[in-house]
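Work through the exercises below with the structure open. Try each task before reading its solution.

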Amino acid sequence: MHNITNVGVIGSGQMGGGIAQVAAVAGFTTTVFDTSAGAVAKCQATHAKLLARAVEKERMTAAEADAAKARLTYVTDMDQLAGSDIAIEAVVEDASVKAKVFSALDAMLTGNQILATNTSSISITEIAAATKTPERVIGMHFFYPVPVMKLVEVINGLATDKQVTDRVINLAEAMGKTAVPANDRAGFVSNRVLMPMINEAFYAWMEGVAQPEHIDAIMKLGCNFPMGPLRLADFIGLDTCAHIMDVLAEGLCNDRYRPCPLLRQLVVAGRLGDKTGHGVFKTA
Ligand code: NAD
């Protein structure tokens, strides 16, 4: 049993908002904390909109949507997370910000509560080192968009207690997800395998092996991927892809993970993908 009834989410952005929504729909009392009042208000409005849409599409009843909303509380004061059985952190991808958040959580939640992070590239062991209780720190890596994507990659830091892993796997399953365990190495499994493939697609384009649309068509039709690696890079953000390759190169001490020069060039040109309307492809 996961023994968790209260979920605290830190950071109410794209990922934190999604995690909170899924937790509340699954029946957990959920408190969402963000330092930005604007972000919290936007998160609440997004929840209202997405839950209304789910009712319209008959994925849930109006009563279920109302019950989920009633389980959600939005706060800008961290102390209001004191009743949480687990804190799931989804603040900006910045190691120093996460270290401060974990140090504060460690001081506030002094029992056997779990401290989880949704980081996609920072070492769980490094985040745990900001606490006095690294055995209860774990990676709980959700995927975007959280209500849709089934996977939670559960990442054990160097000191993570097996009981903590088991409780988190049970919690993820109770949230309707499929939890898969991994250990703490740069990129975990998801980005360790995905990002070098995306990077290689940029090399293939740079070397003139094929045009971007042909690279994507070959990978879609040949490997049965729902979208090609270059289209996926636009969706993720080219800056994020380059950053994760740098993390792999540093963390795995191997230059073969360095970002492709063409990927770097597009980033410095401001072609970041869907968020700027132009990356590999024009989307705006
Ligand atoms: P985001 O920018 O949408 O949201 C981050 C939120 O954190 C903002 O609302 C910000 O106000 C808040 N915040 C910043 N400092 C804070 C603090 N000290 N305390 C509380 N709140 C604070 O970012 P996002 O895309 O939701 O990403 C969040 C985390 O999830 C990152 O670690 C990211 O790497 C990871 N992640 C992102 C994706 C993705 O596809 N976006 C996928 C998996 C994991």
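**Exercise 1. The end of a helix**

Which residue just after α9 takes a positive phi? Also state which residues of α9 are buried and what they pack against.

Solution.
- Know the model first. This is a predicted model, in which local features need pLDDT of at least 70, side-chain atom pairs count only at pLDDT 80 or more, and totals for chains, interfaces and linings use all residues. Residues are numbered from 1 along each chain as its sequence is written, and side-chain values use heavy atoms, with hydrogens and water left out.
- Find the residue. G237 follows α9 and has a phi of about 110°. Helices here are DSSP runs (H or I, at least four residues), as are strands (E, at least two), numbered from the N terminus.
- List the buried positions. α9 spans residues 229-236, and P229, L230, L232, A233 and D234 are buried. Buried means under 20% relative accessible area, exposed over 50%, and partly exposed in between (1.4 Å probe, protein chains only).
- Name the packing partners. The buried residues of α9 pack against α7 (190-206), α8 (212-223) and α10 (238-251). Contact means heavy atoms within 4.5 Å.

**Exercise 2. Domains and sheet order**

Give the domain bounds, then write down the strand order of the eight-stranded sheet.

Solution.
- Split the chain. Domain 1 covers 6-182 and domain 2 covers 192-268. These bounds come from an automatic or database domain assignment. The C-alpha centres of the two domains lie 29 Å apart.
- Read the order. The sheet is open, its pairing is mixed, and its strands run β3-β2-β1-β4-β5-β6-β7-β8. Two strands pair if DSSP finds at least two bridges between them.
- Check the edges. β3 (72-75) and β8 (178-183) each have a single partner strand, so one side of each lacks a neighbour in the sheet.
- Add the twist. Neighbouring strands are turned by 25° against each other on average, direction ignored. Axes are lines fitted to C-alpha atoms, for helices over the stretch in contact; angles run from 0 to 180 degrees between N-to-C directions.

**Exercise 3. Around β5**

Describe the pairing of β5, its two faces and the helix that leads into it.

Solution.
- Start with the faces. I114 and A116 lie on one side of β5, L115 and T117 on the other, and all are buried.
- Trace the crossover. The chain goes from β4 through α4 to β5, in a right-handed β-α-β crossover. Right-handed means that, with the strands pointing away from the viewer, the path from the first strand over the helix to the second runs clockwise.
- Pair with β4. β4 and β5 run parallel, joined by four bridges. I88 stands opposite A116.
- Pair with β6. Three bridges join β5 and β6, also in the parallel sense. Here A116 stands opposite I138.
- Compare with β1 and β2. β1 (residues 6-10) and β2 (residues 29-33) run parallel and share five bridges. I10 stands opposite F33.
- Place the helix. α4 (residues 95-108) packs on the sheet and touches β1, β4 (86-89), β5 (114-117) and β6 (137-142). The direction of α4 makes about 165° with that of β5.

**Exercise 4. Two loop residues**

Is T119 buried or exposed? Describe its surroundings, then do the same for G157.

Solution.
- Locate T119. It sits in the loop between β5 and α5 (124-128).
- Classify T119. Its relative accessible area is 1%, so T119 is buried.
- Find its contacts. T119 touches E93, K98, I124, I127, H141 and F188, not counting residues up to four places away in sequence. Its side chain makes a polar contact with the side chain of E93 (2.8 Å). A polar contact is a pair of N or O atoms within 3.5 Å; within protein, one must be able to donate a hydrogen and the other to accept it, and residues adjacent in sequence count only if both atoms are side-chain atoms.
- Turn to G157. This residue lies in the loop between β7 (151-156) and α6 (162-174). G157 counts as buried because its relative accessibility is 12%. With the same sequence exclusion, G157 touches I124, T125 and D184.

**Exercise 5. Backbone exceptions**

Where is the cis peptide bond? Find also two residues other than glycine with positive phi.

Solution.
- Recall the background. Most residues other than glycine have a negative phi, and most peptide bonds are trans.
- Find the bond. The peptide bond from Y144 to P145 is cis, with omega near -5°. P145 is in the loop between β6 and β7.
- Take E58. Its phi is near 60°. E58 is exposed, with a relative accessible area of 72%.
- Take C253. Its phi is near 50°. C253 is exposed too, at 69% relative accessible area.
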